[in-house]
Amino acid sequence: MLTFGLVVACGGDDDGSGDSSSGPGGSGSSPSALEERLAACPDISLTSDPSASACLVGTYDGTTPSGEACSLELGEAGAYEFVSPSLTVSHTAPADTIFVFDHTSIGGYELIAWKVSDPISTETWYELDFAARFGAGTDEASSKIQIEVKEYGEDTTTSVVCVVDL
């Protein structure tokens, strides 16, 4: 059974193309183009259909908790490229990849969670967790996208968090 926590923390506003940069967000201002695009994602509860996440396709630029630049480029069918100082991954999802997508929208409050997990193997495998929280009732400090990418090797695990301000 897959579970994923939604922890949201700091890094960019979007012009609608999926590319993000710094700017205001949260419930105290007008929604950013990125917030509007994400809010248009289908309201679906815990689906494993990889096509449900098509609304997330684009580039997300942010920062790690230590302030270093990081980015995630999401493509179709679970493909992604993640770049940070401590982990760079160019990934195409294998046929038996596990996908979980959830979008809850209640009275203008938006919560989106997407998880991509390779099957466990003796080779290197990856997990990507994407969590966005924004809209009504969300203060500016909490209105974020948090992306975590984990690389599991035979004897090591590398995990990097990248945060995008909305």
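**Figure 1. The disulfide between Cys70 and Cys162 is right-handed, because the torsion about its S-S bond is about 90°.** In this predicted model, the sulfur atoms of Cys70 and Cys162 lie 2.0 Å apart and form a disulfide. Cys70 belongs to strand E4 (residues 69-74), while Cys162 belongs to strand E11 (residues 157-165), so the pair ties together parts of the protein that are 92 residues apart in sequence. Both ends of the bond count as buried, since the relative accessibility of Cys70 is 5% and the relative accessible area of Cys162 is 0%. A disulfide is a covalent bond between the sulfur atoms of two cysteines.

**Figure 2. A disulfide joins Cys41 to Cys55.** The structure holds two disulfides, and in the one shown here the distance from S to S is 2.0 Å. The torsion about the S-S bond of Cys41 and Cys55 is about 105°, so this disulfide is right-handed. Cys41 and Cys55 are 14 residues apart, and each of them is placed in the loop between helix H1 (33-39) and strand E3. Cys41 is buried with a relative accessible area of 3%, and Cys55, with a relative accessible area of 18%, is buried as well, because the limit for that class is under 20%. When the bonded cysteines are counted along the chain, the disulfides of the protein follow the pattern 1-2, 3-4.

**Figure 3. Tyr60 and Phe130 form an edge-to-face aromatic pair.** The structure holds two aromatic pairs, and in the pair of this view the distance is 5.3 Å centre to centre, with 70° between the planes. The angle between the planes of Tyr60 and Phe130 is what places the pair in the edge-to-face class, because that class requires planes over 60 degrees apart. Tyr60 lies in strand E3 (residues 58-63) and Phe130 lies in strand E9 (residues 125-135), so the pair ties together parts that are 70 residues apart in sequence. Tyr60 and Phe130 are both buried.

**Figure 4. The rings of Trp125 and Tyr152 are stacked, because their centres are 4.2 Å apart and their planes stand at 15°.** Trp125 is found in strand E9 and Tyr152 in strand E10 (residues 144-152), so this pair ties together parts that are 27 residues apart in sequence. Trp125 counts as buried at 11% relative accessibility, and Tyr152 also counts as buried, at 17% relative accessibility.

**Figure 5. The side chains of His91 and Asp118 are joined by a polar contact of 2.9 Å.** His91 lies in strand E6, which spans residues 88-91, and with a relative accessible area of 7% this histidine is buried. Once residues up to four places away in sequence are left out of the count, His91 touches Gly78, Ala79, Tyr80, Asp118 and Tyr126. Asp118 thus appears twice in this view, as a partner of His91 in the polar contact and as one of the residues that His91 touches.

**Figure 6. The side chain of Asp129 makes a polar contact with the side chain of Lys115.** The polar contact between Asp129 and Lys115 has a length of 3.1 Å. Asp129 has its place in strand E9, the strand in which Phe130 of the edge-to-face pair also lies. At 16% relative accessibility, Asp129 counts as buried, because the class takes in residues under 20%.

**Figure 7. The close-up views belong to a protein whose secondary structure comes to one helix and eleven strands.** Read along the sequence, these elements follow the pattern β-β-α-β-β-β-β-β-β-β-β-β. Of the 166 residues in the protein, 45% are buried. Among the contacts between residues at least 6 apart in sequence, 49% join residues that are at least 24 apart. The protein exposes about 7800 Å², and carbon and sulfur atoms supply 51% of that area.

Conventions. Residues are numbered from 1 along each chain as its sequence is written. This is a predicted model: local features need pLDDT of at least 70, side-chain atom pairs count only at pLDDT 80 or more; totals for chains, interfaces and linings use all residues. Side-chain values use heavy atoms; hydrogens and water are left out. Rings of Phe, Tyr and Trp (its six-membered ring) pair if their centres lie within 6.5 Å; planes under 30 degrees apart count as stacked, over 60 as edge-to-face and the rest as tilted. Helices (H or I, at least four residues) and strands (E, at least two) are DSSP runs, numbered from the N terminus. Buried means under 20% relative accessible area, exposed over 50%, partly exposed in between (1.4 Å probe, protein chains only). A polar contact is a pair of N or O atoms within 3.5 Å; within protein, one must be able to donate a hydrogen and the other to accept it, and residues adjacent in sequence count only if both atoms are side-chain atoms. Contact means heavy atoms within 4.5 Å. A disulfide is a pair of cysteine sulfur atoms within 2.5 Å. Accessible areas come from the Shrake-Rupley method with a 1.4 Å probe; for residues, only the protein chains shown count as cover.
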